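User: I have a model open and would like to go through its pockets and its chain contact. Could you take me through them?

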Protein chains: 2
Amino acid sequence: MGDVFKALADPTRRTILDELVERDGQTLFEICSRLAMKHGLSSSRQAISQHLAVLEDAGLVRARREGRYKFHHIDTRPIRELLGRWTQPEEP
Amino acid sequence: MGDVFKALADPTRRTILDELVERDGQTLFEICSRLAMKHGLSSSRQAISQHLAVLEDAGLVRARREGRYKFHHIDTRPIRELLGRWTQPEEP
DNA sequence: TAGATAGGCAAGTGTAGGCTTGCCTGTTGT
DNA sequence: ACAACAGGCAAGCCTACACTTGCCTATCTA
């Protein structure tokens, strides 16, 4: 499962998740261009690719290959599981 | 507010939060000895002190000084606020 | 008052992680 | 078939960060 918390520690990876929530199933190049456009991030393709690998390792992103395209889908279940670790007994 | 995610990225800091959930309001030396006993961590006092500073910066721990003692209290509100970021629209 | 206790500050070290660079493998279109 | 396209691999660089070391301040107790 890797480390979900480490994966969430980087702001660029969090922005990638934001982007996938807004539009799921994007390719690497789509994510790159949309990060540059909307979020003003000037990260290279390789950097984003490595970030996606970390997110995939953590189980936060699942990738499905189709021809030369690879579509990335967010999976928020690991986050929901982690939520309860310190906040279980309380009821705000 | 610092970076809550970065604070949660380190496993030792997460164990400290676990320890504070189980018994809130511990001093630095209490945390050190209990981490060594129960969790088998052999971190130095200074290391734990620096971890507590990070947690305090992130708003996850609030410290109250009393004489020569400093009691540490966990505050899980930042966690609850952040975890809704990607899991708001869903209902499992 | 002297020593023990609880904790803080600051500089130095070593490693992990984010990013780049360069090249390589498949896939698609003309 | 060949060029453009989508993505991958691996080595190197550089900064952030976890941890140590050494010394310091403040509070309590004998």
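User: Which element gives the most to the lining of the largest pocket?
Analyst: In this predicted model, H4(B) contributes the most to that lining, with five residues.

User: And how much space lies in the largest pocket?
Analyst: The largest pocket holds about 250 Å³ of space. It is lined by 13 residues, and those closest to its centre are Thr27(B), Leu28(B), Phe29(B), Lys70(B) and His72(B). Helix H3 (28–39), helix H4 (45–57) and strand E2 (69–74) of chain B each give two or more residues to the lining.

User: How does that lining divide by class?
Analyst: The lining of the largest pocket has five nonpolar, three polar and five charged residues.

User: What is the volume of the second largest pocket?
Analyst: The second largest pocket has a volume of about 210 Å³. Its lining includes Thr27(A), Leu28(A), Phe29(A), Lys70(A) and His72(A). Ser49(A), Leu52(A), Ala53(A) and Glu56(A) are also among the lining residues.

User: Which elements supply that lining?
Analyst: At least two residues each come from helix H3 (28–39), helix H4 (45–57) and strand E2 (69–74) of chain A. H4(A) has the largest share, four residues. By class, the lining of the second largest pocket divides into five nonpolar, three polar and four charged residues.

User: Changing topic: how many residues does each chain bring to the contact?
Analyst: Chain A brings 19 residues and chain B brings 19 residues. Between them the two chains bury about 2,000 Å², with 66% of that area on carbon and sulfur atoms. On the side of chain A, Arg14(A), Arg80(A) and Trp86(A) lose the most area to chain B, together 32% of what that side buries.

User: Why quote an area for an interface at all?
Analyst: The accessible area lost when the parts come together is often used to give the size of an interface.

User: How many salt bridges are there between chain A and chain B?
Analyst: There are four salt bridges between chain A and chain B. One of them joins the side chains of Asp18(B) and Arg85(A), at 2.6 Å from N to O. The count of residue pairs in polar contact between the chains is six, with both residues at pLDDT 80 or more.

User: Which elements of chain A touch chain B?
Analyst: Two or more residues each come from helix H1 (4–9), helix H2 (11–22) and helix H5 (77–87) of chain A. H5(A) gives the most to this side, with six residues. The residues on the side of chain A that touches chain B comprise nine nonpolar, three polar and seven charged.

User: What about enclosed space; how many cavities of 30 Å³ or more turn up?
Analyst: A search of the whole structure finds one cavity of that size, and its volume is about 90 Å³.

User: Which residues line the largest cavity?
Analyst: From chain A, the lining takes Phe5(A), Leu8(A), Leu82(A), Leu83(A) and Trp86(A). From chain B, it takes Val4(B), Phe5(B), Leu8(B), Ile79(B), Leu82(B) and Leu83(B). The elements giving two or more residues are H1 and H5 of chain A, together with helix H1 (4–9) and helix H5 (77–83) of chain B. By class, the lining of the largest cavity has 11 nonpolar, no polar and no charged residues.

User: Last topic: what pattern does chain A follow along the sequence?
Analyst: Chain A has five helices and two strands, in the pattern α-α-α-α-β-β-α. Its C-alpha atoms fill a box of roughly 45 × 30 × 20 Å along the principal axes.

Methods
Residues are numbered from 1 along each chain as its sequence is written. Chains are lettered from A and ligands numbered from 1 in the order in which they are written. This is a predicted model: local features need pLDDT of at least 70, side-chain atom pairs count only at pLDDT 80 or more; totals for chains, interfaces and linings use all residues. Side-chain values use heavy atoms; hydrogens and water are left out. Contact means heavy atoms within 4.5 Å. Buried area is the accessible area (1.4 Å probe) that two parts lose on being put together, summed over both. A polar contact is a pair of N or O atoms within 3.5 Å; within protein, one must be able to donate a hydrogen and the other to accept it, and residues adjacent in sequence count only if both atoms are side-chain atoms. Ala, Val, Leu, Ile, Met, Phe, Trp, Tyr, Cys and Pro count as nonpolar, Asp, Glu, Lys and Arg as charged, and the others, Gly among them, as polar. On a 1 Å grid over the protein atoms alone, a cavity is a set of points where a 1.4 Å probe fits but cannot get out, and a pocket is an open set with protein on both sides within 12 Å along at least five of seven lines; lining residues have an atom within 4 Å of a point. Grid points are joined across faces, edges and corners, and a volume is the space filled by probe spheres set on the points.
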